[in-house]
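Biologist: Please choose one part of this model and take me through it slowly, at the level of single residues. Then work outward from that part to the rest of the chain.

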Amino acid sequence: MHVRRRQQLGYPTTFWSFPSFFRVIVVVMYASSTSALRRKSAAFVFPGARGYIPRLRSHSSLLFNERRFFSTSVSAAATVKDSPGSNSKKTGYYVTTPIYYVNDKPHIGHAYTTLACDVIARFMRLDGRDVFFLTGTDEHGQKVEQSAAKAGKSPQTFVDEVSQNFRSLAKIMEFTNDKFIRTTQADHKAAVQALWKQLEAAGHIYLGAYEGWYSVRDEAYYTESELVDGKAPTGAEVVWVVKEPSYFFKLSAWQEPLLEFYAAHPNFIAPESRRNEVISFVKGGLKDLSISRTTFKWGVPVPEDDDHVMYVWMDALTNYISALGYPEAKGSSPTPYQRFWPADLHVVGKDILRFHAVYWPAFLMAAGLAPPRRIFAHGWWTKDRQKISKSLGNVIDPVRLVEQFGLDPTRYFLMSEVPFGNDGDFSNDAFVRRVNNQLANELGNLFQRSLAFIAKNCEGQVPEPTSALTEADVAMLRSARGLLETVRPLVRDEQALHRYSEALNRVVNEGNPYFDEQAPWTLRKTDKDRMATVLYVTVEALRSVALLYQPLIPASASKLLDLLAVPSERRMFADVGADAALTPGTPLPKPEGVFPRVEDPDAPKDGAASPAKQKQHKKTKAP
Ligand code: ME8
């Protein structure tokens, strides 16, 4: 049989792309499955619909077989992980943001990184993983000390106030971090000192003297050859540090081990271009790293030498393990450290990749601890192609964005506008276009018109699909139910967050023409059974799509699932498939719009602003 003919008959074409010996095995497996199983397969499409089984068997068993392929590949993939320093006791999934300096209030860049981690954390939780999501604030160092002095406050009072802005942002943006760490906490300081002692005991720290360039803004040392026109390569001012006593970490000894580590763990640094940059930096030669200062006091004291405070990056990087209770006492049940370390993913901006991909694994390996599994460095947001900075007056305040446009539109825009890893330029125009095109015109529209039609013509209940499925129906359902298999590797393995939202959009954008072509408004007059089937397929496909939109636009996706009467206990990704399909006859709430169009507040006004917009935005804001 030709593939085309097979398609017409509704066979899954993926099946025919397997080698023939494999197809034989599958057919034998299928033939040996009991009739009870086949009955169950029909129930996957329309659960509780025993009466439909004889008529729907061919299509539903097809979907059932497909599902078995999926579940096999998922469980295999879930157990195979790229795991530098793999810890066999580890059960959880650990994702972190950088901890942010508290020299100023948060801007769009900080919101962006934490949002990306929030989407990943929500995704992994819905996918059944035991997740720990960490964010927090980096409160020591010269930069913070200087900002406090400028504000006329003691460093502690200053950091308490500014850190609170980051916590408030997390509330406003509905971030689901499990912990918010502050480096001024006593337990964190104790952990940093413990790591120092561990490194010292292993012979990796020595006392010397530092002389050279330092940038307070970057909290980084630079060599003469790295300077560009007398400034740091980042454009930050540098100051000459007059020879002062300093402890050093023997970073030079880690050049070869690091290169070997990168070679053995090709997924450790992403994206690929950044990985290459790090490798060539390390190949260029590593110098020992000054890890203490004596000319200011706002830091963690060096154990047994409190003339020195520790280099703020050594202090800050340790947050990823201090937050898990390092150095914990051994217990019988797994401690947070045992459950979650090594981290599955550190998400950082490209500006701080070197600290995470070079210094951090070197510190850990020297202390005999496992390095993290992966570091993803995302790109930079600019405004009108210029760096965002207070002095240029072009800072974008994420709280204001949420107030102007609503939370979910803001989350959606930030996660889908720019390929994750690339730089992006912010504009209200791009915001309005993207959100209106995809959320209002495509997703919102398909929901609204299918549910409004059902409310009018099916007594406001999930319709009963009483006619056999056509090829178009099967294709629509398969696209929606196959989504999880498409997006899981994009989020979990590649952090291609823009491709994740693109994949969801593709299915929605397939749903609108499906609905148009099937034209239930015509079927209402000619074939009511077929009309009900088309409506059922549409809302059942939308159910899978809405489940998968949850990490990106949580409040709106939850509203969509409410409109489909999906019970709260059936909203995990395990429910995306036919097992949890909508039950015909379930009463549906009165349909209402979920995605009002957004407007550019800076655009010239040509009429009244939509009051619906204001209403929606209020609803999606955090309490
Ligand atoms: O570097 N675009 O803190 P930080 C995108 N405390 N992301 C941006 C951005 C922009 N324009 N501006 C900032 C520190 N970010 C250290 C980290 S971690 C152990 C210590 C984001 O307040 C991005 O994630 O300067 C960047 O890496 C981070 O904020 C820098 O935050």
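Modeller: Start with one pair of residues: Val95 has Leu345 as its bridge partner in S12. Keep in mind throughout that this is a predicted model. Val95 falls within strand S1, residues 93-101, and Leu345 is where strand S12, residues 345-349, begins. The two strands run parallel and are joined by two bridges. They belong to an open sheet of six strands, and reading across it gives the order S3-S2-S1-S12-S13-S7, with parallel pairing. Strand S3 (179-182) and strand S7 (269-270) are its edges, each paired on one side only.

Now follow S1 to the ligand. The shell around the ligand receives four residues from S1, which gives the most. Other elements take part as well: helix H6 (108-126), helix H12 (312-317) and helix H13 (319-322), like S1, each supply at least two residues. There are 22 residues around the ligand, and the ones that come nearest are Ile99, Thr113, Asp138, Asp351 and Trp381. Two of these names fit elements already mentioned: Ile99 has a number inside the range of S1, and Thr113 has one inside the range of H6. Sorted by class, the shell holds 11 nonpolar residues, nine polar ones and two charged ones.

Some of the contacts with the ligand can be described atom by atom. From the side chain of Thr113, an N or O atom is 2.7 Å from an oxygen atom of the ligand. Tyr101 uses its backbone instead: one of its backbone N or O atoms lies 3.0 Å from a ligand oxygen atom. Trp381 also uses its backbone, where a polar atom is 2.9 Å from a nitrogen atom of the ligand. On its own the ligand has 670 Å² of accessible area, and the protein covers 94% of it.

The loops beside S12 and H13 hold two points to check. Going back from S12, Pro342 is in the loop between H14 and S12, and the peptide bond from Trp341 to Pro342 is cis, with omega near 5°. Earlier in the chain, the loop between H13 and helix H14 (336-340) contains Pro327. Tyr326 and Pro327 are also joined by a cis peptide bond, here with omega about -5°.

There is also an antiparallel sheet to set beside the parallel one. This open sheet has four strands in the order S5-S4-S6-S8. Strand S5 (220-222) and strand S8 (289-290) each have a single partner strand, so one side of each has no neighbour in the sheet. Inside it, strand S4 (residues 205-215) and strand S6 (residues 239-249) are joined by nine bridges. Leu207 stands opposite Tyr247 in S6. The loop between S5 and S6 holds Asp229, a residue other than glycine whose phi is positive, near 50°.

Finally, consider how confident the prediction is. The average pLDDT of the protein chain is 85, and 82% of the residues score at least 70. For residues 1-87 the value is below 50, and this stretch has 113 contacts in the model beyond near neighbours in sequence. Residues 608-623 are also below 50, with 26 such contacts.

Definitions and conventions: Residues numbered from 1 in each chain as written. Predicted model: local features only at pLDDT ≥ 70, side-chain atom pairs only at ≥ 80, totals over all residues. Heavy atoms only, no water. Pairing = 2+ DSSP bridges. Near = heavy atom within 4 Å. Polar contact = N/O pair within 3.5 Å; in protein donor to acceptor, adjacent residues only side chain to side chain. Areas by Shrake-Rupley, 256 points an atom, 1.4 Å probe, with all protein chains shown as cover. Nonpolar A, V, L, I, M, F, W, Y, C, P; charged D, E, K, R; others polar. pLDDT = per-residue confidence, 0-100. Contact = heavy atoms within 4.5 Å.
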